[in-house]
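Here is a quick tour of a protein model, written for someone who would rather look than wade through tables. Have the sequence and the 3D view open as you read.

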Amino acid sequence: MNFKRFLKSKFSVRAVSIVLAATALVTAALPVLAADDYLDAWDSSSNLRIAGSTTLYPIVAASLGVTTVGQVQAVGPFQASAGGSGCIAQLYSGGSGHGAYAVTQGDANLGMCSSNKKSSYPDIRNDVVARDGVCVIIHDDGSLSAIDALTTTVIGDIYEGIYTKWSDINAAWPATDIFPIARIIGSGTRDTIVSKCAMNEAAEEAYLGPLYATAGYTRKDSNAEVVADVNATAVGSIGYIGVGYLGSISGDVRAIPVKANDAAPAVVPTDQNVTRGTYAISRYLYLVANGVTPNLGAYGAAFRDYLYSDAGQNTVKDQGFVMVNPRQDVDASSTVDINDIVSIGLSWNKSTGQQGYVITKDVNRDGSIDINDVVSVGLWWNITYTTPANEW
Ligand SMILES: [Ca+2]
Ligand SMILES: [Ca+2]
């Protein structure tokens, strides 16, 4: 099989991700990746090539107007913006490891990573373009209603096979089998479970390998597949997905509140809890670039800036993820408090186009500064957060 075509196939992207994450001997394990072999050569003066995380994929795809993996298009809101005029988009998924690898190889302008891949790829630089919370979902037909929360440690232990029935975790819970649905190795979402839930990767692989072989099952390539499979497989199955996919769960699937430890409160994944970090499996979503020999092309920096813009952050929210900085913090002080209300008051009742209208005070961006903006601030009252540093 032609290697270009091999790489474009779904199987190969999974295989590449597994290889990348499983071994440092990438070049030994893969055929040599000359730029022309990897994918069709591309012209960075007119094209913007991005590859990586399936979690970030919908944000970037919506911004670029791309509807199919690898599709070449030039019709998204980014292209309609001043910095994106004339840009042709090429977007590939394949997981966070794939994205980090692609930029270090010079095979993409930008990578999408849903975890910090710098320990494996020290040459990359991270810019945080969104926040996310990894949500733990279970298939519950009502018989598992007693399951009210899970600690991060227990979540990791489930994937290591330490608990195989729900009653193993809590004797008061039903003795229903737990079927753990996992993402492919190299997935940034899986990395987040490793780091935030102390999941031992080797133990997880040792447990899931035989289990999946027996069940005729495989690791999942994407958040969407996890949602579908938790719904489709047995009651008691469990999976993990980005908060942006919570809106797509239905039927007998529900998210479980998470506790940082036994003594901690059970916290639900909301925008507020993700932003202030009280939701224990919160994380950043990164747009990454090669820091050593940057190959941003004509559009890489402009696209990063676009994602930070009002329009770009609207897309982040529209796709179900969490903005980097909450608009409720009108004065950008890192705390939502009375000063933000005062700031709104100074432009009270001003509408778009009027003198005194300031868009940052129009918290809900509906064109007028009024009571609805104050109400929005109230929903985030007293929340303090940290703005991540950018690296390129
Ligand atoms: Ca403030
Ligand atoms: Ca408003």
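## The overall fold

Among contacts between residues at least 6 apart in sequence, 69% join residues at least 24 apart. This is a predicted model, and the protein in it has 17 helices and 11 strands. Of its 392 residues, 44% count as buried.

How confident is the predictor? The pLDDT averages 88 over the protein, and 89% of the residues score at least 70. Residues 1-37 are the stretch to watch: the pLDDT there is below 50, although in the model this stretch has 50 contacts beyond near neighbours in sequence. Where pLDDT is low, the predicted coordinates shouldn't be read in detail.

## Helix H15 and its two partners

A good place to start is helix H15, residues 310-318. One helix it packs against is H14, which covers residues 300-308. The two axes are 4 Å apart, and the packing angle is about 65°. An angle of 65 to 115 degrees counts as roughly perpendicular, so that is the label for H14 and H15. On the H14 side the contact is made by Tyr306, Leu307 and Tyr308, and on the H15 side by Ala311, Gly312 and Gln313. Sort those residues by type and you get four nonpolar, two polar and no charged.

The other partner comes from much earlier in the numbering: helix H5, residues 57-64. Here the axes come within 9 Å and cross at roughly 135°, so H5 and H15 are oblique to each other. The crossing is right-handed. Ile59, Ala62 and Ser63 are the H5 residues involved, and they meet Gly312, Thr315 and Val316 of H15. This contact splits into three nonpolar, three polar and no charged residues. Look out for Gly312, which turns up in the contact with H14 and again in the one with H5.

## A covered helix

Is helix H7 covered or open? H7 runs over residues 96-104 and is mostly covered, with nine of its nine residues buried. Among them are His98, Tyr101 and Val103, along with the small-side-chain residues you can pick out as Gly97, Gly99, Ala100 and Ala102. Just past the helix, glycine 106 takes a positive phi of about 75°.

## Glycine 297, ahead of H14

Glycine 297 sits in the loop between strand E11 (282-290) and H14. A residue needs 20 or more other C-beta atoms within 10 Å to be buried; glycine 297 has 21, so it makes the cut.

What does glycine 297 touch, leaving aside its neighbours within four places in sequence? It is in contact with Ser44, Ser45, Leu48 and Asn109. Arginine 49 is 248 residues away along the chain, yet its C-alpha atom is separated from that of glycine 297 by 8.9 Å.

## Two loop residues with positive phi

Serine 334 isn't a glycine, but it has a positive phi of about 75°. You'll find serine 334 in the loop between H15 and helix H16 (338-345). It has 13 C-beta neighbours inside 10 Å, so it counts as partly exposed.

Arginine 365 tells a similar story: it isn't a glycine either, and its phi is positive at about 55°. It lies in the loop between H16 and helix H17 (371-378). With 13 other C-beta atoms within 10 Å, arginine 365 is partly exposed.

Methods. Residues are numbered from 1 along each chain as its sequence is written. Chains are lettered from A and ligands numbered from 1 in the order in which they are written. This is a predicted model: local features need pLDDT of at least 70, side-chain atom pairs count only at pLDDT 80 or more; totals for chains, interfaces and linings use all residues. Axes are lines fitted to C-alpha atoms, for helices over the stretch in contact, and angles run from 0 to 180 degrees between N-to-C directions. Angles under 35 degrees count as roughly parallel, over 145 as roughly antiparallel, 65 to 115 as roughly perpendicular and the rest as oblique. A crossing is left-handed if the near helix is turned anticlockwise from the far one by less than a right angle, and right-handed if clockwise. Two residues are in contact if their C-beta atoms, placed from the backbone, lie within 7 Å. Ala, Val, Leu, Ile, Met, Phe, Trp, Tyr, Cys and Pro count as nonpolar, Asp, Glu, Lys and Arg as charged, and the others, Gly among them, as polar. A residue is buried if 20 or more other C-beta atoms lie within 10 Å of its own, exposed if 12 or fewer, and partly exposed in between; C-beta atoms are placed from the backbone. pLDDT is the predictor's confidence in each residue, from 0 to 100.
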